[in-house]
Amino acid sequence: QGAAPALVVTDALWTGQDGLVSGTRDRAGLFRAQTPQGFRFDEIRAAHAAHPGGAADDVEVARAYGIDVAIVPGDPDNLKVTLPGDFTRAERILRGAMTVRLGNGFDVHRFGPGDHVTLCGIAVPHGRGLQGHSDADVGMHAITDAIYGALAQGDIGQHFPPSDPQWKGAASEIFLRHAADLAREMGYRIGNIDCTLICEQPKIGPHSAAMRQALARIIGIEAGAVSVKATTSERLGFTGREEGIAAIATATLVAA
């Protein structure tokens, strides 16, 4: 008929007199009451109408009226703001819960010889390929830089210098996985990824679902938190002239 959250009392309980400990109390079966406390409206209203007053909370009023109240698990962060110091603690909890970082990335690669382009981990058939030191996955590079940016940890070039021959032709999955792992090491989880590919050709729509799945697998998040979409530049600029592909990406990181 009613329910209220509570925390099991785990601290030792003392009685005191004149500033000294005068005794102890058994904490078995004791709970710290929390709010909100839920009841059927007509029943709790009747309980208050019948109560003489002076109750500690609604649970006491309800029980005096014969209403059973179930105990449900509480949360230590669900604090009661009573004393001035409670405001400081509440602010600290809210700051921790709302620590969010945003990063953005941008990359371009020109077309060259080839029969496909690799975009967001998927090989897309095309009359030309993309040129680059690695596999030239322009979408994955933009996403990787967005994560590094949110962490204030530079860019791909700092972590994987193009002057280093070991990264020649490397799969961009290596770079993205490194950025995602670094985020976790620094105490963040990746909230969502949004990537826009800018090109006239090839068409991205038929492959976007597979791209989202591939990115989600590499990053370690749900595909529902990954967006891959495309647009054109209305035949303007180098992408409009079909000289290459550009990508922009945004990453949201949340304190774990």
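**Terms and values**

Q: Why is cysteine 195 called buried?
A: Cysteine 195 has a relative accessible area of 0%. Buried means under 20%, exposed over 50% and partly exposed in between (1.4 Å probe, protein chains only), so cysteine 195 is buried. The model is predicted, with local features requiring pLDDT of at least 70 and side-chain atom pairs pLDDT 80 or more, while totals for chains, interfaces and linings use all residues. Residues are numbered from 1 along each chain as its sequence is written, and side-chain values use heavy atoms, without hydrogens and water.

Q: How many disulfides does the structure hold?
A: The structure holds zero disulfides, a disulfide being a pair of cysteine sulfur atoms within 2.5 Å. For cysteine 120, the nearest cysteine sulfur is that of cysteine 195, 4.3 Å away. Cysteine 195 likewise has the sulfur of cysteine 120 as its nearest cysteine sulfur, at 4.3 Å, and is in no disulfide. Cysteine 120 counts as buried because its relative accessibility is 0%.

Q: What makes H6 oblique to H7?
A: Helix H6 (residues 173-185) and helix H7 (residues 208-219) pack at an angle of about 50°, with their axes 8 Å apart. That angle makes H6 oblique to H7, the term for angles outside the roughly parallel (under 35 degrees), roughly antiparallel (over 145) and roughly perpendicular (65 to 115) classes. Axes are lines fitted to C-alpha atoms, for helices over the stretch in contact, and angles run from 0 to 180 degrees between N-to-C directions. Helices (H or I, at least four residues) and strands (E, at least two) are DSSP runs, numbered from the N terminus.

Q: Which residues of H6 and H7 meet?
A: Glu173, Leu176, Arg177, Ala180 and Arg184 in H6 are in contact (heavy atoms within 4.5 Å) with Leu215, Arg217, Ile218 and Ile219 in H7. The contact divides into five nonpolar, no polar and four charged residues. Here Ala, Val, Leu, Ile, Met, Phe, Trp, Tyr, Cys and Pro count as nonpolar, Asp, Glu, Lys and Arg as charged, and the others, Gly among them, as polar.

Q: Where do cis peptide bonds occur with proline 36 and proline 202?
A: The bond from threonine 35 to proline 36 is cis, with omega near 5°, and proline 36 is found in the loop between strand S4 (31-33) and strand S5 (38-39). Glutamine 201 is joined to proline 202 by a cis bond with omega about 0°; proline 202 is found in the loop between strand S11 (188-198) and H7.

Q: Is glutamine 37 buried or exposed?
A: Glutamine 37 has 16% relative accessibility and therefore counts as buried. Glutamine 37 is found in the loop between S4 and S5. Leaving aside neighbours within four places in sequence, glutamine 37 is in contact with Ala3, Ala4, Asp57, Asp58 and Val59. Glutamine 37 and aspartate 58 are 21 residues apart in sequence and 7.1 Å apart in space, C-alpha to C-alpha.

Q: What is the phi of aspartate 18, and what is that of alanine 136?
A: Most residues other than glycine have a negative phi. Aspartate 18 has a positive phi near 55°, and alanine 136 one of about 60°. Aspartate 18 is in the loop between strand S2 (13-17) and strand S3 (20-25), and at 75% relative accessibility aspartate 18 counts as exposed. Alanine 136 lies in the loop between strand S10 (129-130) and helix H4 (138-151); with a relative accessible area of 0%, alanine 136 is buried.
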